[in-house]
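Biologist: I'm new to reading protein models. Could we go through this one together, step by step?

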Amino acid sequence: MMNSLTVKLSFKLLEGTFNKRMNRFLAEIELNNNRKVLAHLPNSGRMLTVLSPGCEAYVKTENAPNRKTKYTMFAVKRENLPIIVDTRFANKVVKMLIDRSLFPPLRKYRVLKENTLKNNSRIDFLLGRNGQRFYLEVKSVSYVINGVAMFPDAPTMRGRKHVETLIKCLREGSNAGILFAVQRPDAEKLRPCHEIDPKFSQLIAKAMGEGMKIFTQTLIFEPTNTVRIVFSKPKFSYN
């Protein structure tokens, strides 16, 4: 069974230095031409083990109209460790893998719908196979301490609602699961972050007891244009 796959990015990245986080979704970057720019930071987490003033930053240029910023942060290098900060990238990777039948645990499924509304909650993917339905939520993980990846890094009402919805899906006869996509290479273990959001952890335990599946994969950014996907890593453990 294939345990890793390398993909080439479909966009070019500019290199620079991360200066500071202006707010949850905005960062100041100094590009290598010494020009300071504002970049959208598509990550609402605290990112305490990710962002550090002076670390290398990788941004992509955006040409969409009506944007407040011309750039989007994709990744950083903190103490030479590459970390993808764009939480949306994990979903794009999952869709690509399922569309190409390359995601080992769900190889025979196909995407029926993205961002599907279920019980007043949005679940990332509705998958189908021979009449069976599988609701899949993707969680991007960048919080790692001493080789242990943890989710979430801030209390998440939205995340709790997702798990509650997946439990309802299971009780209605559908299959359901969460994929934790760790966006850095230094994690050997992954667990719910009981310390930060004990309610989320309790819901994960409840959902697993109802039959919810847990998947993991690691996304390793290899500057400046490739990402290596490692399946079933890190190892998930509730405690």
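Modeller: Sure! One term before we start: two strands count as paired if DSSP finds at least two bridges between them. Keep in mind, too, that we're looking at a predicted model.

Biologist: Okay, let's use that. In S14, which residue is the bridge partner of Ala149?

Modeller: Start with the strands: S12 covers residues 148-151 and S14 covers residues 189-192. They run parallel and are joined by four bridges. One of the pairs puts Phe151 opposite Pro192. For Ala149, the partner in S14 is Leu190.

Biologist: Which residue in S17 does Leu190 stand opposite?

Modeller: S14 also pairs with S17, which is made of residues 235-236. That pairing is parallel too, with two bridges. Look across from Leu190 into S17 and you land on Phe236.

Biologist: So what is the order of the strands in this open sheet?

Modeller: Four strands build the sheet, and their pairing is mixed. S11 (144-145) and S17 each have a single partner strand, so they stand at the edges and one side of each has no neighbour in the sheet. Reading across, the order is S11-S12-S14-S17.

Biologist: Now for Lys233. Is it buried, exposed or partly exposed?

Modeller: First, find it: Lys233 sits in the loop that links S16 (226-231) and S17. Its relative accessibility is 28%. Buried would need under 20% and exposed over 50%, so Lys233 at 28% counts as partly exposed.

Biologist: Which residues does Lys233 touch, leaving aside neighbours within four places in sequence?

Modeller: A contact here means heavy atoms within 4.5 Å. As a bit of background, the C-alpha atoms of Lys233 and Phe215 are 8.7 Å apart, with their positions 18 residues apart in sequence. The contacts of Lys233 are with Ala187, Glu188, Thr216, Gln217 and Thr218.

Biologist: Let's zoom out. How many helices and strands does the protein chain have, and what is its radius of gyration?

Modeller: The protein chain has three helices and 17 strands. For 239 residues the globule rule gives 18 Å, and the chain comes close to that, so it is as compact as a globular protein of that length. Its radius of gyration is 18 Å.

Biologist: Last one: what share of the residues in the protein chain counts as buried?

Modeller: To count as buried, a residue needs under 20% relative accessible area. Across the 239 residues of the chain, the share that qualifies is 53%.

Terms used
Residues numbered from 1 in each chain as written. Predicted model: local features only at pLDDT ≥ 70, side-chain atom pairs only at ≥ 80, totals over all residues. Heavy atoms only, no water. Rg over C-alpha atoms; globule rule 2.2 N^0.38 Å. Buried < 20%, exposed > 50% of the residue type's maximum accessible area, 1.4 Å probe, protein only.
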